[in-house]
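This report goes through a single chain, from its charged pairs to its fold, core and confidence.

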Amino acid sequence: MSVLSGRLVRCGLAGPLVLVGITVPAPAADPALASPPSPAEHRAPARYGSLTCAAATAPGRPMKFRPPIRLRRQHVTTRARLVLRDCTSADPRRSRIASGVMTLTGNAYANCLGVSDLRGRATVTWYDAYGRALARSVLRAGGAQSDRARTDAQLNGRVTAGYLAGHSFYGSVRPKGRVARCFTRQGIPSIHGTGRLTID
């Protein structure tokens, strides 16, 4: 096991899924990460320096829905734990971020075609290439709509506190595997998925 994978296991990527009431110790402040955006950064084009990561549900930890997703569109509550990997940014101040762990709780409207109007709160703990915790962000998903495929679970909102506070984020989680059970009376209580997350 590599140093990074060993540290990520200790950071909670293995073990039971616990999302409600989770407490993540605040990592030590890093001046290079915690400092507010400079005026020059505010003037830069939105896409420059965007922090982009691949996102996926961890094995054995699917995104959960209550009640289960069915053919009819309905209001559901959801929780998820997403592993963020291969994070990249053209901005040197963000280039130390290599990975992260997001915990999300919220509510949305969902059916067999997808999830929309997702609203909720998430926290992300960011790590460097050696698995060391660098910073934490608090995100508020605002349920903004987009033109992406309806089979995507949309993540859109703003970073409200911590690292990159005030910046907007967007992304999606696409379901993996067959979703035929969605059309049954039992529905689908949980799904695995992959996607991307970008913070501008």
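Does D128 count as buried or exposed? At 4% relative accessibility, D128 counts as buried, because the limit for that class is under 20%. The model is predicted, and the accessibility values below are computed from it.

**Salt bridges**

D128 pairs with R132 in a salt bridge whose closest N and O atoms are 2.7 Å apart. R132 is partly exposed, with a relative accessible area of 43%. The structure holds 4 salt bridges, and the table gives three of them, including the pair just described.

| Acidic residue | Basic residue | Closest N and O atoms |
|---|---|---|
| D91 | R93 | 3.0 Å |
| D117 | R119 | 3.2 Å |
| D128 | R132 | 2.7 Å |

D91 is buried at a relative accessible area of 4%, whereas R93 is partly exposed at 37%. These two residues also belong to a network of salt bridges that takes in R94. In the pair of D117 and R119, the aspartate has a relative accessible area of 19% and is buried. Its partner R119 is partly exposed, at 42% relative accessibility.

**Fold and core**

The chain contains 3 helices and 10 strands. Along the sequence, the order is α-α-α-β-β-β-β-β-β-β-β-β-β. Of the contacts between residues at least 6 apart in sequence, 62% join residues at least 24 apart.

Buried residues account for 46% of the 200 residues. The accessible surface comes to about 10,500 Å², with 57% of it belonging to carbon and sulfur atoms.

In soluble globular proteins, nonpolar side chains tend to be buried together. Here the largest nonpolar core has 37 residues, and L84 and W126 have the most contacts inside it. Setting aside residues up to four places away in sequence, L84 touches W126 itself, along with C53, A54, A55, S99, G100, V124 and L197.

**Confidence**

The mean pLDDT of the chain is 76, and 70% of the residues score at least 70. Strand β1 (residues 51–57) has the highest confidence, at a mean of 96, and helix α3 (residues 39–43) the lowest, at 35. Over residues 1–46 the pLDDT stays under 50, and the model has 64 contacts beyond four places in sequence for this stretch. Residues 144–151 also have a pLDDT below 50, with 16 contacts in the model beyond near neighbours in sequence.

Note on methods
Residues numbered from 1 in each chain as written. Predicted model: local features only at pLDDT ≥ 70, side-chain atom pairs only at ≥ 80, totals over all residues. Heavy atoms only, no water. Helix = DSSP H or I, 4+ residues; strand = E, 2+ residues; numbered from the N terminus. Buried < 20%, exposed > 50% of the residue type's maximum accessible area, 1.4 Å probe, protein only. Contact = heavy atoms within 4.5 Å. Areas by Shrake-Rupley, 256 points an atom, 1.4 Å probe, with all protein chains shown as cover. Core = buried A, V, L, I, M, F, W, Y, C linked by side-chain atoms within 4.5 Å. pLDDT = per-residue confidence, 0-100. Salt bridge = Lys/Arg side-chain N within 4 Å of Asp/Glu carboxyl O.
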